[in-house]
Amino acid sequence: MPTRRAPAAPRPARREPASAKSEQRIRDILRVGREVFAEKGYERATTTEIAQRLGVSEATVFTYFRGKRALCERVITDWYDEIIAAIEAGLPREEPARAQLDWFVRTHLRLFLIHGTGLCALVLSEGRSKGQDFSGTLQPLQRRYTAPLMDLLARGQASGEFRTDLPLRLLRPLVLGPMEHILWEAVAQGADGAKPPIDIEATASGVSRLLWSALQAPDAELAALRALRADVAQALRSHG
């Protein structure tokens, strides 16, 4: 007589994906959280105000985020993700190194200031002050953010357009240092309503010219003219 098999153990219930309502609630909390952190900085922002602006209880915010710090870290991460995606997708890698440098400088300033200076202030200062160290969140984001720049610098050195007598680790702060200083200036001007905002296009143009003079390889422009002359001569011979 065949032995009866024991009934199969019930399969564990599969976890259902978050409902559309929950996903929308998270997006709403992040949107308003970004507004409040940008307006007030980390210390003065409260989850109570975020909840009030949304018209929900503070407990609802805590349903999705453990607390103010966790929410702020997510706001910063999402903001950097947007900037990183724009840089990675838009960098014109087929253009000459100088054109890529111009694009990076202009786009860097635009993206960091497009929503005003509040998030810049959060990342540059308030997120690191009074014991609120966000370096664990910021460092990997900043490494990802600078990766396209490092790639640009490396390719510029390989092509002979950028100087090769200095290592990449020194060229990176050469590019980012002046722009961080400008962001600090923009934050200070934003706090003083009497001062007009910086002119991003004019500032980016000036910074780009300054950086190019420091980054270009010796005789790079002369070499480019020689290459152009050789191309023109070859074209004339081909049609001669």
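The following exchange concerns three packed helices and one further helix in a predicted model.

Reader: Why are helix 4 and helix 5 called roughly antiparallel to each other?

Author: Helix 4 (residues 68–90) and helix 5 (residues 97–113) pack at an angle of about 155 degrees, with their axes 11 Å apart. Angles over 145 degrees count as roughly antiparallel, and therefore these two helices are described in that way. Helix 4 passes helix 5 in a right-handed crossing.

Reader: What makes helix 5 roughly antiparallel to helix 7?

Author: The axes of helix 5 and helix 7 (residues 135–158) cross at roughly 165 degrees and come within 10 Å. Set against the cut-off of 145 degrees, that angle makes helix 5 roughly antiparallel to helix 7. Here the crossing, in which helix 5 passes helix 7, is left-handed.

Reader: How do you know that the buried residues of helix 9 lie on the same side of the helix?

Author: In helix 9, the residues Ala204, Val207, Ser208, Leu211, Trp212 and Leu215 are buried, where buried means under 20% relative accessible area. They cover an arc of only 135 degrees around the axis, which means that they sit on the same side of helix 9. The face turned away from this buried side carries Arg209 and Leu210, which are exposed.

Reader: What makes the contact at the start of helix 9 a polar contact?

Author: A side-chain oxygen of aspartate 199 reaches to within 3.2 Å of the backbone nitrogen of glutamate 201, and the cut-off for such a pair of N or O atoms is 3.5 Å.

How values were computed:
Residues numbered from 1 in each chain as written. Predicted model: local features only at pLDDT ≥ 70, side-chain atom pairs only at ≥ 80, totals over all residues. Heavy atoms only, no water. Buried < 20%, exposed > 50% of the residue type's maximum accessible area, 1.4 Å probe, protein only. Helix = DSSP H or I, 4+ residues; strand = E, 2+ residues; numbered from the N terminus. Arc of directions from axis to C-beta. Polar contact = N/O pair within 3.5 Å; in protein donor to acceptor, adjacent residues only side chain to side chain. Axes fitted to C-alpha atoms, helices over the stretch in contact; angles between N-to-C directions. Parallel < 35°, antiparallel > 145°, perpendicular 65-115°, else oblique. Left-handed = near helix turned anticlockwise from the far one by under 90°.
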